[in-house]
Amino acid sequence: ELKGFALATFTLYLITASNVLFSNYAETAFLKRFGVDSLPNVILVNTILAIVVMSLVSRILQRFPVHTVLLWTLVFCTLSVFLARIAIPLEIKFLYPVFYVMKTQYEILLTFLFWYLANHIFSTRQSKRLFPLMVSGGILGGLCGSFFTLWFVHLGAVDNVLWAYIAGTMTAAFLVVRLARIAEPQAVKENGSPKRKTRSLLFAEMRKVLPMMEKLKLVRWLILLTLIPNVIPPLLHYQVSFAIDMTYTNESSMLSFFSFYRAAQLILALILSLFASRIYNRFSLSGGLLIHPFNHLLIFFVFMLQFDILTVVYAGVSVGVLRQAIQTPGRQALNGVLHIEQRVILLPFLKGTVVRLGALIGAAFVVLCQGAYFAICQFPLHPQNLAPIGFGFTFLWI
């Protein structure tokens, strides 16, 4: 299993490093060359597009092997970023919102497809041993991507970060070709069955989940505990991005900030993950799961009093670290209260439809607040004024 493990880990390393490089560049270019005031609208478009794209990918995965889908997705990402890079000298202003949307969609797609492929290659017994090591490889890739961004800043070639992304995704595509030879037996076995007519996955999920919602109060609570936390990130992301744009006046300084900012999140998440089990043993599962919303409550309370780069950095880093190290594993453990038959039906609905619906509500809420405030007061809504709304959603979460 060493060959498959090494190939998969290095593939995840390249995908994560490329995603971080693209995220650092796309956020910097969008904020400095297009404007932070348009961010809520772009977040809303991103959320709607994610629903459409993931539904389309789910249907494609019913027809083609996952290694083929991942390979062609990497090729598409490489070619589209290459075309966008050579279009930069044309000074097309609306290219930068496109970059922002691309980096979000590509990160979601590549990460989802990689783990889908990994689950095909490795058995459940193998995954328990190998996946934590592979995740560490991904974290190392993110760190290298962040620090590699700094190298481009020192060279004074901000736009050339995209060439590094292109090189990373091309190499990852080459490794996926090698991985395909390992995944081929599973793909042949799955594709040996006759094709069935595909229907809308969303309506199929709803038909299965609705009877469970009517019978079990627990299912209704789990849906709410998935929906409400996902309403908050679009609001918080807009506040964090606004403060960063307000503080850093040029692209080089902002790109350097994003490099250290993401590197700090990854390092702290890696350290804290070593103690996550002890936290749950000490405070129980429910107590451990309350840490994340109480931290949000503190953040929005502080935002109402003081809104600057220091509070924003604490907000962004602490939320990212607690989500990766504490909230995500605890949330997965909470799903264990369901029977196996219920989990098979409910978890895809929670992780897909409910998560995207929450993000859509949050993004739409920010856009509506902005529009209503401007219509009444005739000047833009300052993001600090969204803090009481975030406080209210967090209180519901708790």
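These questions and answers cover the fold and the aromatic contacts of a predicted model.

User: How many helices and how many strands are in the protein chain?
Analyst: Read along the sequence, every element in the pattern α-α-α-α-α-α-α-α-α-α-α-α-α-α is a helix. The count is 14 helices and zero strands.

User: What is the radius of gyration of the protein chain, against the globule rule for 398 residues?
Analyst: The C-alpha trace spans about 60 × 55 × 45 Å along its principal axes. The globule rule gives 21 Å for 398 residues, and the chain comes close to it, so it is as compact as a globular protein of that length. Its radius of gyration is 21 Å.

User: Of the contacts between residues at least 6 apart in sequence, what percentage join residues at least 24 apart?
Analyst: Burial first: 50% of the 398 residues count as buried. Contacts here are heavy atoms within 4.5 Å. The share joining residues at least 24 apart is 85%.

User: What part of the accessible surface belongs to carbon and sulfur atoms?
Analyst: The accessible surface of the protein chain comes to about 19,800 Å². The part from carbon and sulfur atoms is 70%.

User: Are the rings of F112 and Y116 stacked, tilted or edge-to-face?
Analyst: The whole structure holds 25 aromatic pairs. In this one the ring centres are 5.7 Å apart. Stacked needs planes under 30 degrees apart and edge-to-face over 60. The F112 and Y116 planes stand at 55 degrees, so the pair is tilted.

User: Where do F112 and Y116 lie, and are they buried or partly exposed?
Analyst: Both sit in helix α4 (residues 95-121), four residues apart, so about one helical turn separates them. F112 has a relative accessible area of 31%, and Y116 has 33%. Buried would need under 20%. F112 is therefore partly exposed, and Y116 is also partly exposed.

User: What kind of aromatic pair do Y238 and F242 form?
Analyst: Both lie in helix α9 (residues 232-247), about one turn apart. Y238 and F242 are both buried. Their centres are 6.5 Å apart, with 70 degrees between the planes. The pair is edge-to-face.

User: Which residues form one aromatic cluster with F22?
Analyst: Pairing requires ring centres within 6.5 Å. The cluster joins F22 with Y25, F76, Y96, F99, Y106 and Y165.

User: Which charged residue lies over the face of Y100, and which sits over the ring of F283?
Analyst: Over Y100, the distance to the ring centre is 4.7 Å, and the residue is K103. Over F283, a charged end sits 5.2 Å from the ring centre, and it belongs to R282.

Definitions and conventions:
Residues numbered from 1 in each chain as written. Predicted model: local features only at pLDDT ≥ 70, side-chain atom pairs only at ≥ 80, totals over all residues. Heavy atoms only, no water. Phe/Tyr/Trp six-rings, centres within 6.5 Å; stacked < 30°, edge-to-face > 60°. Helix = DSSP H or I, 4+ residues; strand = E, 2+ residues; numbered from the N terminus. Buried < 20%, exposed > 50% of the residue type's maximum accessible area, 1.4 Å probe, protein only. Lys NZ or Arg CZ within 6 Å of the ring centre and 35° of its normal. Rg over C-alpha atoms; globule rule 2.2 N^0.38 Å. Areas by Shrake-Rupley, 256 points an atom, 1.4 Å probe, with all protein chains shown as cover.
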